[in-house]
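Welcome, and please open the model in your viewer. We will go from stop to stop, selecting something at each one and looking at what is there.

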Amino acid sequence: MLMKQSPLSENISYNTSQTQLEEAAAIIKLDPAAFELLRHPLRELHITIAVKMDNGSTKIFQGFRVQHNDARGPNKGGIRFHPDETIDTIRALASWMTWKTAVMDLPLGGGKGGIICNPKAMSTGELERLSRAYIRQLGSFLGPEKDIPAPDVYTTPQIMGWIADEYSIMQGKNSFGVITGKPLALGGSAGRGDATARGGIYCVRDAAETLGLNPAGERAAIQGYGNAGSFAHKLALELLGMKVIAVSDSKGCIYNPDGFLYDALMEHKKTTGSVSGFPESAAISDKELLELDVTVLFPAALDSVITETNAPDIRAKIIAELANGPTTPEADSILYNKGVYIIPDLLCNAGGVTVSYFEMVQNSYGYFWEEEQVQQRLEKKMKTAFMEVQQTSQTYKVHNRLAAYIVAVKRVAEAMKLRGWY
Ligand code: NAD
């Protein structure tokens, strides 16, 4: 019998990840030792980085890398550059990577890293020195067969390129496989740029089919207009014929009931640095965006934004979680009881790690696939995972998130058992 654990932290994401694991473990009657192993990261490294700033001063940054579980293969997960980063958020995110790679049945484990910094207030040179210092501190901890980072919030293909270069210098040979999400010219994969959103859009298409809905002409809202959110806009239009009526970024939210054209909005964001102030749009609040009467809501920014406070007012039929951990367990129950169909983050945003895995495979072969091949393979992986989660939800009569956890925890527990860890 598994004991309910008291929260280990004040961090919402961390407690969310623990609660989700507890629920799945109880349903599958997970061995208590396996449960205890999975509650904690196997390893974590805390680093302090000194960076010479452009004004001649030296600034000290704190960073982390957490390796949650590598029973099924090397750890995999992004690096975040964010002023509010905490070790507990990174711990939660690392565990979600373990579950995500397992749901997708990729031969990988889960990791996550971050640096507490404000990249928007740093020059390109300062960001380069910070990124290179991060990998120098972590070098022996990472590697193509140990732990492979990738882009995440406020980290870009260029940052991945600097990290690949610095690691190659440390190894005395090109070793680009240490990181994914690289620029194409440095061993990146075709199709990685839009992979997270593309995987999510494939799931929305399958969810709509399950619900007997035709997404063409239906309305969508997107919270967060970065990599995941902006490509979700593009592909919701191109692949599903939807209308995106509201989007937001850290500087504001905009609304137009007729929908936004992708190219024009992207151009405005590139020119002004934000979606705010886009012509023929009304400014709305973040709360209003989340509560709009839409068919699909895409949270594509940060974690813990759908909570017990706003869940009762959410009117979307489908929530496609491109962000990691956007919904708290309390909100999950409220939304499930209201009949909202959630495509959980473990599945919905797994297109990114899946194409990152394809990038690893291509790097190790030194042979690269066409974009069309990448997309076809991604679509197949997403479909299989979607069906497995859907089937598990019916078998156990649980909501999709719990179903995704059940699929993932069973796979990781099986690997740990076979390795003799418990
Ligand atoms: P990004 O840095 O490219 O974009 C983040 C966006 O969110 C920016 O537009 C930013 O302005 C916006 N934002 C920040 N705070 C906000 C707020 N309070 N309200 C509204 N918008 C806000 O990051 P990304 O890579 O698109 O990641 C977004 C989410 O998707 C994260 O949760 C990340 O973990 C998840 N994710 C990303 C990938 C990927 O491949 N990029 C893969 C899986 C999951």
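Start by selecting F278 in this predicted model. F278 has a relative accessible area of 12% and is buried. Now add F260, which is buried as well, with a relative accessible area of 3%. Show both side chains and look at how the rings face each other. F260 and F278 make an edge-to-face aromatic pair, with 5.7 Å from centre to centre and 70 degrees between the planes. Which parts of the chain does this pair tie together? F260 sits in the loop between strand 8 and helix 8 (262-272), and F278 in the loop between helix 8 and strand 9, so the pair links parts that are 18 residues apart in sequence.

The count of aromatic pairs comes to four, so let us visit another of them. Select F358 and W369. Their ring centres are 5.3 Å apart and their planes are at 50 degrees, so this pair is tilted. F358 belongs to helix 12 (residues 351-365), while W369 is in the loop between helix 12 and helix 13 (371-396), so the pair ties together parts 11 residues apart in sequence. Are these two residues buried or exposed? F358 counts as buried at 5% relative accessibility, and W369 counts as buried at 15%.

Keep W369 in view and add Y357. Ring pairs link Y357, F358 and W369 into a cluster. Then add R377: it lies over the face of W369, at 4.1 Å from the ring centre.

From here, select helix 13. This helix has 26 residues, and its first and last C-alpha atoms are 37 Å apart, close to the 38 Å expected at 1.5 Å a residue. Colour its buried residues, which include V374, L378, M382, F386 and V389. What do the buried residues of helix 13 pack against? Their partners are helix 3 (87-103), helix 6, strand 12, helix 11 (345-348), helix 12 and helix 14 (400-418). Just after helix 13 comes K397, with a positive phi near 55 degrees.

One of those partners is helix 6, so select residues 195-211 next. The 17 residues of helix 6 should span 24 Å at 1.5 Å a residue, and the end C-alpha atoms are 24 Å apart, which agrees. Helix 6 is mostly covered, with 13 of its 17 residues buried. Following helix 6 you will find G212, whose phi is positive, near 70 degrees.

Now switch to a cartoon view for the sheet. Strands of a sheet pair through backbone hydrogen bonds, either parallel or antiparallel. Here, seven strands form an open sheet in the order 9-8-7-6-10-11-12, with mixed pairing. At its edges are strand 9 (282-284) and strand 12 (341-343), each of which pairs on one side only. From one strand to the next, the twist averages 20 degrees. Zoom in on strand 8 (residues 252-255), which is joined to strand 9 by three bridges, the two running antiparallel. To find one of the partnerships, select I254 together with A283 of strand 9, its bridge partner.

Move on to strand 5 (residues 147-151). All five of its five residues are buried, so strand 5 is largely enclosed by the rest of the structure. Strand 3 (residues 75-82) pairs with strand 5 in the parallel sense, over five bridges. Select G78 and A150 of strand 5 to see a pair of bridge partners.

G78 is also among the contacts of the next residue to select, G111. G111 lies in strand 4 (residues 110-116) and, at 0% relative accessibility, counts as buried. Leaving out residues up to four places away in sequence, G111 touches several others, including R65, H68, N75, A94 and M97. For a long view across the model, draw a distance from G111 to R315: their C-alpha atoms are separated by 34 Å, and the two residues are 204 apart along the chain.

The last stop is T16, in helix 1 (residues 12-27). T16 counts as buried, with 3% relative accessibility. What does T16 contact, leaving aside its neighbours within four places in sequence? Select W96, T327, T328 and P329 to see these contacts of T16.

Notes. Residues are numbered from 1 along each chain as its sequence is written. This is a predicted model: local features need pLDDT of at least 70, side-chain atom pairs count only at pLDDT 80 or more; totals for chains, interfaces and linings use all residues. Side-chain values use heavy atoms; hydrogens and water are left out. Helices (H or I, at least four residues) and strands (E, at least two) are DSSP runs, numbered from the N terminus. Buried means under 20% relative accessible area, exposed over 50%, partly exposed in between (1.4 Å probe, protein chains only). Contact means heavy atoms within 4.5 Å. Two strands pair if DSSP finds at least two bridges between them. Axes are lines fitted to C-alpha atoms, for helices over the stretch in contact, and angles run from 0 to 180 degrees between N-to-C directions. Rings of Phe, Tyr and Trp (its six-membered ring) pair if their centres lie within 6.5 Å; planes under 30 degrees apart count as stacked, over 60 as edge-to-face and the rest as tilted. A charge sits over a ring if NZ of Lys or CZ of Arg is within 6 Å of the ring centre and within 35 degrees of the ring normal. The expected span of a helix is 1.5 Å times one less than its number of residues.
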